[in-house]
Amino acid sequence: MDIFTQQLINGLVLGSIYALVALGYTMVYGILELINFAHGEVTMIGAMVALSVIGVLLGASPDLPGLMVVIAGLLVAIPACMALAFGIEKIAYRPLRKAPRLAPLITAIGVSIILQNVAMLVWGRQYVSFPAILPRGQHEILGAHITDLQIAIVVLSLLSMAGLWLLVEKTRLGRAMRATAQSKEVAELMGVNVDRVISYTFIIGAAIAAIAGVMVSAYYGLAHYYMGFMLGLKAFSAAVLGGIGNIAGAMLGGLLLGVIEALGAGYIGDLTGGFLGSHYQDVFAFLVLILVLVFRPSGLLGERVASRA
Amino acid sequence: MRERPRLALALLAVLLAALPFLIGTGLGNSWVRVLDFVLLYVLLALGLNIVVGYAGLLDLGYIAFYALGAYLYAWLASPHFGLHLPFWMVLPLGAALAGVFGVLLGAPTLRLRGDYLAIVTLGFGEIIRIFMNNLNAPFNLTNGPQGMNLIDPVSIGGVSLGKSLEVAGITLPSTYLYYYLFLAATLLVIVVAMRLQHSRVGRAWAALREDEIAAAAMGINTRNVKLLAFAMGATFGGLAGGLFAAFQGFISPESFTLWESILVLCMIVLGGMGNIPGVILGAVLLTVIPEALRYIGDLQRATLGQVVVDPADLRMLLFGVALVAMMLFRPAGLLPSRQRKREFSAQDGVAEQEQASLYDTKA
Amino acid sequence: MSAPALLQVSAVSKRFGGLAALEDVSLSVGRGEIYGLIGPNGAGKTTLFNCMTGLYDLSAGHIHLDGAPLHGRKPHHIVEAGFARTFQNIRLFANMTALENVMVGRHPRTRAGVLGAVLRTPGARAEEAAIHNRARELMEYVGLKNKGRTLAGHLSYGDQRRLEIARALATEPRLLALDEPVAGMNPTERRQMSDLFLRLRAGGLTLLLIEHDVKLVMDLCDRVAVLDYGRKIAEGEPALVQRDPAVIAAYLGGDEA
């Protein structure tokens, strides 16, 4: 088996999930210049809600087709996350829009802690496992394996991204979002309801996060109240890598980070002569983040932020 | 007029000296241990306050310096490497090591604006923790997730603080002895922090926090002044870490997670950023409240016959709620400093100035 | 001018992306002069200030203060070299007291570090007392004698302008650059300010002034330079410049005469 190709595939699959979560960070940052620390936790809540629905459905009738059950879970998780994000923005961020920069960031950390611990109280400290109900076909390309699930994740990610792209580029709401990102004041003068645009931004980001949450828990076969934290940090790193505030950048950054991580973890042992092992996988995201911020704070595709960073 | 503050100071000194006895008899000796931790957290919070409160640099990886101080103490005074250096050598070394790391970590990040800086420092903190967690192979530096134990207690003039001591017929348990050591360290750090605040350096930090461009236009070398804040904060963190290792006798990466960094940040935010009494109050509250929450477990057992909600699970939840509530309703903290009070109540004018950084205009 | 200039700006250009904010600007300010920099909004006056004080890197050109290069140097080096400034949109440390603001200005001329502050060495204490005294003197000099304990952000607009000048003076400049120092002031305040400028000049300071108030510029300045669209279109005695057709065209918005 070709390890390089295999890691590349794994990286792209993971990366497409990072990209979805990264979109939420980047959209909010583009408009509010706020690092929505709680976004990773919204993703986690999406996974948890979907798993609860899946559990209930399977409990009621175990013979339901797996794919349908998962889709049902997803269809509940998405509005749940949207409502959650709407509430978070309204209660915790909106009152602080004119406060010094540290205030909303600290609040975001607080919201993140709250969501984690509520999830822990509701779903417990243990890992919640994702039932093995999805088709498990496996294919071989270029000497590497790829599963149905991996294909589904990549396809669904691409579809979500394409949907978002159309929304932002082709609709009235998208135009209002772009105008608000350029300048809240001017957008307001042009008759854009900025508050509503900001709410929509959070809601759309949360919907995508819910999809990502379900995908990541299906991929790893489990969910945990703490899973949103690392996922969120990595997705944020991906957003920064691509150029925060830039939607295409978030997609590119997510995929790249996934690949960097998978290849890095696969080869770090060889690179360091066995000194560092694959459990340093999580270090890569942070290293990428730090290197990008220090050497190219505007990211790969970012321009606008360069003048602000 | 003159007699009154002096009298108050004398009363405070008596109270502080008697505190472990009062608490030990009143609430039990386990609370004296809590008291010791209160002092450790006060030390940490005062250190972080220099970085966040004085210089306005949001550091979310602060606990890494605490970890460095603790691990250095463990390396130099435990069976791990068979070294048993005295504490008066190890503590300053740990503080110095942390200070050097403060500069090393600070240097590449200083161009970043507030929230980016926060994330990068968070990343540094996590990297340090991941290394501590994994550096048990191929060469066993940190003993991995199991951590290091049998760390030497502090020993002063042949008297080990790790055992109880009999003085004039009174038995002083180890926790009491450490209380006095930590108290001395805390008082020292308070004096240092106060003197720094009202000095040329402290004014430069405040100027930097208020308006970086104007600070540069007043001839302040903003890079050096920021690094100095990082280094000073880290030094205090390293000192606290060494004391922690000696007191606990055991350390593991679990003590140095991001949530500890956030906890210390909460203390500052809750108490009042930039204001020493506020920071102390914040540290006291956030150390004591979780301990007091344990009684909620007993209460549940007594009333409901079982523990429905583990109080340990409530701890972080309450911190989260407290953080959000403080920012929404009392953003300057319980005991705000004069400056922060205005800053947080100010409208966009100040906020915009704070957001501007030297490199806004340069890019 | 026979004596070498104090400030020599040679062929300075500054571009932001494709936009040329300054194009080949040269000027020289003599010792003890009050030199005016005028021009329509967006002409590049503040950009030039930012270039001179190290906030912007130059795209081309050189700047020298008393023969020493300022271009490519950090803002704090430029202050140390003796070039202080104020800001068009007042940048005080709003949450520090007025006196503390001026004390910050002593930073480049004092040395006390962490050890001095922590140990309260005799040297550090003497220096701190000197900083305090000098700051009080300067407060009095600019007419803010009893405002020392007021938070800078609570001062009236005119007092904030004064305080910014006191803070800049605390750095012991040889050249003080003032960006619209009387903007928004009433006639009485303007008169007080121009008296202050004359006093400063009498004390040996050289002043560089961005100002829109034509009367003030005419009365006060020894020479003026006019910027328009990033270029210097005229320089000389105010009375002559005022009659320059290019200047009149620039101000009236007409095409280049």
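Across the interface of chain B and chain C, 10 residue pairs are found in polar contact, both residues of each pair having pLDDT of 80 or more. The elements of chain B that give two or more residues to this side are α6 (174-197), α7 (200-210), α8 (212-217), α9 (222-248), α13, α14 and α15 (358-362). Of these, α7(B) gives the most, with 7 residues, and by class the side of chain B that touches chain C consists of 19 nonpolar, 7 polar and 9 charged residues. The model analysed here is a predicted one, and the values that follow are to be read accordingly.

The contact between these two chains takes 35 residues from chain B and 43 residues from chain C. The area buried between chain B and chain C is about 3500 Å², with carbon and sulfur atoms giving 58% of this area. On the chain B side, the residues that lose the most area to chain C are Arg200(B), Arg203(B) and Met218(B), which together account for 25% of what that side buries. The interface of chain B and chain C also holds 2 salt bridges; one of them joins Asp211(B) to Arg91(C), with the closest N and O atoms 2.8 Å apart.

Chain B is also in contact with chain A, through 48 residues of chain B and 53 residues of chain A, and among the 2 pairs of chains that touch, it is chains A and B that have the most contacts. Chain B and chain A bury about 4700 Å² between them, 75% of it on carbon and sulfur atoms. The count of salt bridges between chain B and chain A is 0, and 1 residue pair is in polar contact across their interface, both residues being at pLDDT 80 or more. At least two residues of the side of chain B that touches chain A are supplied by each of α5 (114-134), α10 (258-271), α12 (311-329), α13 (338-345) and α14 (348-355) of chain B. The largest share of that side, 13 residues, comes from α5(B), and its composition by class is 34 nonpolar, 5 polar and 9 charged residues. Chain A and chain C, by contrast, do not touch, their nearest C-alpha atoms being 11 Å apart.

Within chain A, strand β2 (residues 138-141) and strand β3 (residues 144-147) pair in the antiparallel sense over 4 bridges, and His139(A) has Ile146(A) of β3(A) as its bridge partner. The hairpin formed by β2(A) and β3(A) has 2 residues between the strands, and Leu142(A) in this hairpin takes a positive phi near 50 degrees.

Two individual residues were examined in chains B and C. Thr287(B) has its place in helix α11 (residues 276-304) of chain B, and it counts as buried because its relative accessibility is 8%, below the 20% limit. Leaving aside residues up to four places away in sequence, Thr287(B) touches Val34(B), Phe37(B), Val38(B), Tyr41(B) and Met267(B). Leu144(C), in turn, lies in the loop between α5 (122-141) and α6 (157-169) of chain C, and this residue likewise counts as buried, since Leu144(C) has a relative accessibility of 0%. With residues up to four places away in sequence again left out, the contacts of Leu144(C) include Asp159(C), Arg162(C) and Leu163(C). The C-alpha atoms of Leu144(C) and Ala84(C), which are 60 residues apart along the chain, are separated by 20 Å.

Notes
Residues are numbered from 1 along each chain as its sequence is written. Chains are lettered from A and ligands numbered from 1 in the order in which they are written. This is a predicted model: local features need pLDDT of at least 70, side-chain atom pairs count only at pLDDT 80 or more; totals for chains, interfaces and linings use all residues. Side-chain values use heavy atoms; hydrogens and water are left out. Buried means under 20% relative accessible area, exposed over 50%, partly exposed in between (1.4 Å probe, protein chains only). Contact means heavy atoms within 4.5 Å. Buried area is the accessible area (1.4 Å probe) that two parts lose on being put together, summed over both. A salt bridge is a side-chain nitrogen of Lys or Arg within 4 Å of a carboxyl oxygen of Asp or Glu. A polar contact is a pair of N or O atoms within 3.5 Å; within protein, one must be able to donate a hydrogen and the other to accept it, and residues adjacent in sequence count only if both atoms are side-chain atoms. Ala, Val, Leu, Ile, Met, Phe, Trp, Tyr, Cys and Pro count as nonpolar, Asp, Glu, Lys and Arg as charged, and the others, Gly among them, as polar. Two strands pair if DSSP finds at least two bridges between them.
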